[in-house]
Amino acid sequence: MDLDPDLSALGALGGFFVLHTGAPPRGTLPTLAQAYASGPPEDGTDPLAVRIRKVAHSLRAPELRVAASLAHQGLAARIWSVALGCAVLYGRVPDLDPRLLHWDPEGGVPDDLWLGEVRPLPVDSLDTVVRAAHLAPLTDALGARHGVSARLLWGNAASALAGTVRMVDRWARETGRTDVAERARSLAAGLFAHPGLSGALDPATGRRRSCCLYYRLPAGGLCGDCCFDRPPGHV
């Protein structure tokens with residue numbers, strides 16, 4: 001079926017999949033294109049810095065690099081969820097051009113996103129819509145501004161994609177939609193072959209080959225797919 005103007009079918013999959021459409025209700029919000037700038041925008045607004053500071057404060061991150069990694073993972077999970085959710089439920093993908101996608105960096109979790117215009121694209125554009133349009137420029141920006149390694153960030157993106165597939169699979173089992181689960185796994189397998197994502201996870205175990213730095217939070221530990229068996233520095 002075609003994309004509807006409200007992308008209403010996504011709500012059944014859970015909060016990470018919901019994408020608001022139309023104008024944000026709280027006035028003008030920055031676009032993700034502004035957030036992906038390699039340096040602070042000239043007009044003084046800096047949505048990426050705002051988000052990272054919010055995450056750092058909320059989680060008591062010991063350094064901004066840790067907060068940058070975790071903010072990245074949350075945003076990657078949201079964009080993967082929206083795109084893959086549409087692909088498996090509608091058979092279409094919305095154009096998520098960063099200039100059309102508005103973001104509230106002060107919002108909670110999941111990240112608040114608004115798409116200004118719903119323009120359907122074929123499913124085979126999924127990699128371009130997410131990895132090329134969002135993950136690549138965000139990786140460049142966080143590397144330039146906070147020194148976060150590309151390997152770590154692509155590990156985040158791969159982990160977020162795997163998590164999205166698991167959420168779709170859970171919903172599909174609960175609703176008897178095995179076709180949706182199979183479609184999600186098939187699409188994800190193709191996405192994992194693309195640059196950055198390829199090799200980011202161990203194909204046998206699903207574990208990462210990098211660490212998101214969550215263990216460095218005061219109350220942190222290891223994620224379920226962490227590359228470590230115990231937090232570094234622990235005997």
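Trainee: How many aromatic pairs does a search of the whole structure find?

Mentor: Just one aromatic pair turns up. Keep in mind that this is a predicted model. The partners are Tyr215 and Phe228.

Trainee: Why is the pair of Tyr215 and Phe228 called edge-to-face?

Mentor: Check the numbers. Their centres are 6.2 Å apart and the planes make an angle of 80°. Pairing needs centres within 6.5 Å, and edge-to-face needs planes over 60 degrees apart, so the name fits. Both residues lie in the segment after helix H6 (178-191), 13 residues apart.

Trainee: What makes Tyr215 count as partly exposed?

Mentor: Its relative accessible area is 22%. Buried would be under 20% and exposed over 50%, so Tyr215 falls in between. Phe228, at 32%, is partly exposed too.

Trainee: How do you know that the length of H6 agrees with what a helix should span?

Mentor: H6 has 14 residues, and at 1.5 Å a residue the expected span is 20 Å. The end C-alpha atoms are 20 Å apart, so the two agree.

Trainee: Which residues of H6 are buried, and what puts them on the same side?

Mentor: They are Val180, Ala181, Ala184, Leu187, Ala188 and Leu191. They cover an arc of only 135° around the axis, so they share one side of H6. Their cover includes helix H3 (64-90), helix H4 (126-146) and helix H5 (150-175). On the face turned away from that buried side you'll find the exposed residues Thr178 and Ala189.

Trainee: Why are strands E1 (20-21) and E3 (101-104) said to stand at the edges of the sheet?

Mentor: The order is E1-E4-E3 in an open sheet. E1 and E3 each have a single partner strand, so one side of each has no neighbour in the sheet.

Methods: Residues numbered from 1 in each chain as written. Predicted model: local features only at pLDDT ≥ 70, side-chain atom pairs only at ≥ 80, totals over all residues. Heavy atoms only, no water. Phe/Tyr/Trp six-rings, centres within 6.5 Å; stacked < 30°, edge-to-face > 60°. Helix = DSSP H or I, 4+ residues; strand = E, 2+ residues; numbered from the N terminus. Buried < 20%, exposed > 50% of the residue type's maximum accessible area, 1.4 Å probe, protein only. Pairing = 2+ DSSP bridges. Expected span 1.5 Å × (residues − 1). Arc of directions from axis to C-beta. Contact = heavy atoms within 4.5 Å.
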